[in-house]
Amino acid sequence: VASQLLFVSHIFLSSSFSQHLTKSLLAVAFLASFGSSMLYGYNLAVVNSPAQYIKSFYNETMIETHGWSLDEEDLTVMYSLTVSIFAIGGMIGALLVGTLVTKYGRKGTLVRSTVLVFIAGGLMGFSRACRFPAMVIIGRFITGVHSGISLSVVPMYLGEIAPKNLRGFLGLMPSIHICLGVFIAQVLGLKELLGKEEYWPLLLSLVVVPTFFQLMLLPWFPESPRYLLIERRNVHATITALKWYRSKGNIQAEIEEMQEEQQSLSSIETVSVVGLLKDRCCFTIERLGRRPLMIGGFTFMGICCAGITVSLLFQAQLDIMRYVSVACVVGIIAGFCIGPAGVPFLMTAELFKQSHRPAAYTVAGCLNWLSNFTIGFVFPFLQMATGAYCYLIFCGICMGVAGYTLFIVPETKNKTFVEISQMFAAVNGILENESTELASTAGHLKMFKLNGYGTLGNHKEK
């Protein structure tokens, strides 16, 4: 968290950055991430500290209700279910993203999904008083649904409201808040704070606090201009939103770029998940990333995973290996913060056209949450079976992704969505015809003025 904040501070203080970043952009990025992305990180880590208290609560209620206690293996299964049910909810939330963002918009989806957090917070907060363990599991499931929605919608929203030269910075905001949420959960879980047995329901229910601030303030900000123009075809609302987010500079060029994309998509309907998977172009254009952050982050994580294995194997012989293992754990978190925490969701916004973006976020979110569920449920048993060597599996995965990014993934910094699409069209032959048609269409477009801003006309240039 500290390294990312220093990096962001350096960017923020640069003159070129400050010239283009408005208070509205910074405020909406903070609110959307604070009330959504941070909860994802918080819920990932919040169940670690009170693990024994939750297991004891399950056992006590089982004795009170049925008159018999659970053995250690049954308690491990129930606790693993409590942890991993969050990922099941997240996968369901990811499946809903395409429908929700198309119907309610990006900001509208974030605002409406806050009701899930209040329901979940209430269930988890009163579970101990009601002596009903299922309230904890159901609450974790509902927070997972909210996180599954917000984890895809926040990067989509920020990627669409940001100018091309600031997409990378705003794309870092969710990842910073994810790591901040993990950090806050670990700190509040200390025994000196809320890590005591009587406080664990409060620790789980604190998710309602940041969501409350988001609900109070985020509705006052405009919807995504790109969504308003391309999907809702509301030129007036688009201009109003752009003026709100761009206090300085001429927004004419940005409107023209969005209208070019709108024109290229005029004969294309919004793509479903099935349609996305059948579209061979999507697998070609998927090869994109922010190379330095992805390569550095995954490589560092892979090295630290290998370091944990070595330190655990020699921990009995060398006392210093205990400190090495702690350093490697911190290193994995730091490597995760560098890029893997947020860049993949930024990539999804940059990779796909407006018609494909909701379905792409649905697929990406499902894969992410399926992986979360698998790790959350299987890892305790994997650790018992393989011991210290279980971390070598994650080392191999991290190094594989870093290698894929190094040899295949190009850079798309400071490029518009149309430029990114044309870039991949030039690289990949299967998109060549589509690129030619798009370039031909753009070359024959002439922008007419509508109250000082462009509206499309299908007239040839002289």
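**Confidence along the chain**

I began with residues 7-20, where the pLDDT stays under 50 in this predicted model, and I noted that the model has 16 contacts beyond four places in sequence for residues 7-20. I then turned to residues 281-289, where the pLDDT is likewise below 50, and found 36 contacts in the model for this stretch beyond near neighbours in sequence. I keep a caution beside both entries: where pLDDT is low, the predicted coordinates should not be read in detail.

For the protein chain as a whole I wrote down an average pLDDT of 77, with 74% of the residues scoring at least 70. Which elements of the protein chain have the lowest and the highest mean pLDDT? I found strand β2, residues 453-457, at the lowest mean with 40, and α6 at the highest with 93.

**Helix α6 and its partners**

I looked next at α6, which covers residues 106-125, and followed it to α8, residues 134-161. The axes of α6 and α8 come within 8 Å and cross at roughly 160°, and because an angle over 145 degrees counts as roughly antiparallel, I entered α6 as roughly antiparallel to α8. I recorded the crossing of α6 past α8 as left-handed, and I sorted the residues of this contact by class into 17 nonpolar, 7 polar and 4 charged.

The other partner I followed was α11, residues 208-217, whose axis comes within 10 Å of that of α6 and crosses it at roughly 150°. By that angle α6 and α11 are therefore roughly antiparallel to each other as well, and here too I noted that α6 passes in a left-handed crossing. On the α6 side I listed Leu110, Val111, Thr114, Val117, Phe118 and Gly121 as making the contact, and on the α11 side Val208, Thr211, Phe212, Gln214 and Leu215. How do the residues of this contact of α6 with α11 divide into nonpolar, polar and charged? I entered 7 as nonpolar and 4 as polar, with no charged residue.

**Helices α17 and α21**

Further along the chain I looked up α17, residues 291-313, and α21, residues 390-408, which pack at an angle of about 160° with their axes 8 Å apart. I therefore put α17 and α21 down as roughly antiparallel to each other, and their crossing as left-handed. The contact of α17 with α21 I entered by class as 18 nonpolar, 4 polar and 1 charged residues.

**Salt bridges**

My last entry concerns charged side chains, for which the count comes to 4 salt bridges. One of them joins the side chains of Glu64 and Arg131, at 2.8 Å from N to O. I placed Glu64 in helix α4, residues 51-66, and Arg131 in the loop between α7 and α8, so the pair ties together parts that are 67 residues apart in sequence.

Definitions and conventions:
Residues numbered from 1 in each chain as written. Predicted model: local features only at pLDDT ≥ 70, side-chain atom pairs only at ≥ 80, totals over all residues. Heavy atoms only, no water. Axes fitted to C-alpha atoms, helices over the stretch in contact; angles between N-to-C directions. Helix = DSSP H or I, 4+ residues; strand = E, 2+ residues; numbered from the N terminus. Parallel < 35°, antiparallel > 145°, perpendicular 65-115°, else oblique. Left-handed = near helix turned anticlockwise from the far one by under 90°. Contact = heavy atoms within 4.5 Å. Nonpolar A, V, L, I, M, F, W, Y, C, P; charged D, E, K, R; others polar. pLDDT = per-residue confidence, 0-100.
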